[in-house]
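Here are my notes on this one, written as numbered points. Keep the structure open next to you and look up each spot as you go.

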Amino acid sequence: MWGWWQRLSKTGRIVACSALLTACAQTINNQPINQPLTPGAPQSFELGRGTETLPDDTVIALSFSGGGTRAAAFAYGVLAGLDQTPMPNRPTTLFDRIDFVTGVSGGSVLAAYYGLKKRQALADFKERFLLRNAEANLQMNLNLLSIAKGLQGGINDPTTFPKWLDDNLYEHATFKTLLAQRRPYIWINASDIYNRTPFVFGRVIFGALCSDLADYPISLAVAASAAVPVIFAPVVVQSFPGECTVPLPEWVQRIRNNPDAPPLLRLFADAMTRYRSGQVRYVKLLDGGMVDNYGLAGFTIARMASTTPYGPLEPAEAVKLRRLLFLVVDAGRAPSGTWAQTVEGPSGANLITAASDTATESGAVGSYTAFESTMDDWGDALTSWRCKLSAEERRRLGAGPGWNCRDVKIQVARIAFDQLGPEREAALNAVETSFKLTPEQVDLVVNAGQDALKNSNVFRSFLGSLGRGPWRGTSAAAPGPAEAPQQAAAQ
């Protein structure tokens, strides 16, 4: 990486140093654009779905990991696979039972687009994003000058990538669209690098900031979720202490007063308090994968903060629910490079990449482990609560004839490259986690997403619990614009 420096003449090095100083003098354009709450605007701190309710007894939730276009393509393959799986005795597919999607970095690109377009995302996301070069206007190479700019705040300021996303994908949509719809519920995840916690673009955090989420651009939230350190400058959002009339929810102080509170929950409660008090006036956001590459921490916090056995569900939802499948779509990257075979290294770009990957993958393992444990405990608590309901309570909450208090099952499945055999896994791991892939690479990863879903033992078990037989997917190829079903997604 640095060989070109040794080859420069003395004059050349002076010129390079002058350019380096010029780069360091440049100003990063990352002024916050979020606005304070307007007088009379609704203020909500719901950690779950708010006032919305689950539409039926079978629910699918999805987590799309980070990993550039590779992650978006893998998640797209999983979505296509769900749409190829019919619901038993109903004219719909499992795609129509998706209720919640959380996304990080590359996964957030698809999560946001799916939230805006629903079924139409199957028809045109491949052409509008996966086959495009989203790096066209970005500086992605690491050299002396770009690293100097990176050390000043970021090689790319946070305006370039959002502009590309708006021009090619989101069409300047804001969170107003996502907040107004019944389903699916979408979370975009970034990392608050001061408080070292997840930052979920939702009602909870923006309520603590006394800021209006509705008018915030979706493209900027996705850019924050994908803002790899050094390559991108942080996206900044501002707090507006004194602009709120509704106090922080009681669980925030309860957690802060509890010395035995789980560290994840305590850090989040501390961050909420700092936002509201103005102790943190400007929140600096980078890649969501730095603290949680699966985007699971927000749901884990929502469950741990609940004081009821059914939260974050409402009681009527908890009685209605029979099957909940949470698919964690993991396009994470395996170890790479040859520097582990020598005493020297890593250095330069390899050192930056290795450090970033170590933080991302170790954080992902921790978040998944905590999430699995939380979901197991929640399933037990939910069953126990349901079985203790009186006949009158069951009737009031909507339990019909033949209702079985134990007929509720929560399953978590990780969908990943390592479930496709060593040879195919190696080929998939060789695909770069950039925002620019070849058409052949896109097809390779999309098909892998469909096949990994089909091969999942947990997914097969879920299908069996719905009364279905073995997998009867229609095709291993992703649907093109002419092939995608045209029926509207269930709303």
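**Notes on the fold**

1. Let's begin with a helix that has plenty of neighbours. The buried residues of α5 pack against α3 (68-83), α4 (106-117), α7 and α18 (439-455). Helix α5 itself covers residues 120-130, and 9 of its 11 residues are buried, so call it mostly covered. Among those buried residues are Ala121, Leu122, Phe125 and Phe129, and also Asp124, Lys126 and Arg128.

2. Before going further, a word on trust. This is a predicted model, and the protein chain has an average pLDDT of 83, with 77% of the residues scoring at least 70. Two stretches deserve caution. Residues 1-25 stay under a pLDDT of 50, and the model gives them 26 contacts beyond four places in sequence. Residues 468-491 are also below 50, with 52 contacts in the model beyond near neighbours in sequence.

3. Now the overall picture. The protein chain contains 19 helices and 10 strands. Of its 491 residues, 54% are buried. If you take the contacts between residues at least 6 apart in sequence, 82% of them join residues at least 24 apart.

4. Back to α5 and one of its partners. A pair of packed helices is described by the angle between their axes and the distance between those axes. For α5 and α7, the axes come within 9 Å and cross at roughly 145°, and the crossing is right-handed. On the α5 side you'll find Phe125, Arg128 and Phe129, which meet Trp164, Leu165, Asn168 and Leu169 of α7.

5. Helix α7 (residues 160-170) also packs with helix α10 (residues 218-225), at an angle of about 125° and with the axes 9 Å apart. That angle makes α7 oblique to α10. This crossing is right-handed. The residues that meet here are Phe161, Pro162, Leu165, Asp166 and Tyr170 from α7, and Ile218, Ser219, Leu220, Val222 and Ala223 from α10. Look out for Leu165 in α7, which is listed in the meeting with α10 and also in the meeting with α5.

6. For a single residue to zoom in on, try Ala75 in helix α3. With a relative accessibility of 0%, Ala75 counts as buried. Which residues does Ala75 contact, leaving aside its neighbours within four places in sequence? They are Phe64, Leu110 and Val329. You can also check its spacing from Ser63: 12 residues apart in sequence and 8.7 Å apart in space, C-alpha to C-alpha.

7. Next, the cysteines. A disulfide is a covalent bond between the sulfur atoms of two cysteines. The whole structure has 2 disulfides, and counting bonded cysteines along the chain gives the pattern 1-2, 3-4. One of them joins Cys210 to Cys244, with an S to S distance of 2.1 Å. Its S-S torsion is about -140°, so this disulfide is left-handed. Cys210 sits in the loop between α9 (203-208) and β6 (211-212), while Cys244 is in the loop between β7 (235-238) and α11 (250-256), so the bond ties together parts that are 34 residues apart in sequence. Both Cys210 and Cys244 are buried.

8. Cys387 and Cys405 form a disulfide too, with their sulfur atoms 2.1 Å apart. Here the S-S torsion is about 85°, so the disulfide is right-handed. Cys387 belongs to helix α15 (residues 348-387) and Cys405 to the loop between α16 (391-396) and β10 (409-416), so the pair links parts that are 18 residues apart in sequence. Cys387 is partly exposed, at 32% relative accessibility, whereas Cys405 is buried, at 17%.

9. Last, some backbone details worth a look. Most residues other than glycine have a negative phi, and most peptide bonds are trans. Ser105 has a positive phi of about 50° although it is not a glycine. Ser105 lies in the loop between β3 (98-104) and α4 and is buried, with a relative accessible area of 6%. Cys210 also has a positive phi, about 55°, and its relative accessible area is 0%. Finally, the peptide bond from Gly311 to Pro312 is cis, with omega near 15°. You'll find Pro312 in the loop between α13 (297-305) and α14 (315-320).

Note on methods
Residues numbered from 1 in each chain as written. Predicted model: local features only at pLDDT ≥ 70, side-chain atom pairs only at ≥ 80, totals over all residues. Heavy atoms only, no water. pLDDT = per-residue confidence, 0-100. Contact = heavy atoms within 4.5 Å. Disulfide = S-S within 2.5 Å. Helix = DSSP H or I, 4+ residues; strand = E, 2+ residues; numbered from the N terminus. Buried < 20%, exposed > 50% of the residue type's maximum accessible area, 1.4 Å probe, protein only. Axes fitted to C-alpha atoms, helices over the stretch in contact; angles between N-to-C directions. Parallel < 35°, antiparallel > 145°, perpendicular 65-115°, else oblique. Left-handed = near helix turned anticlockwise from the far one by under 90°.
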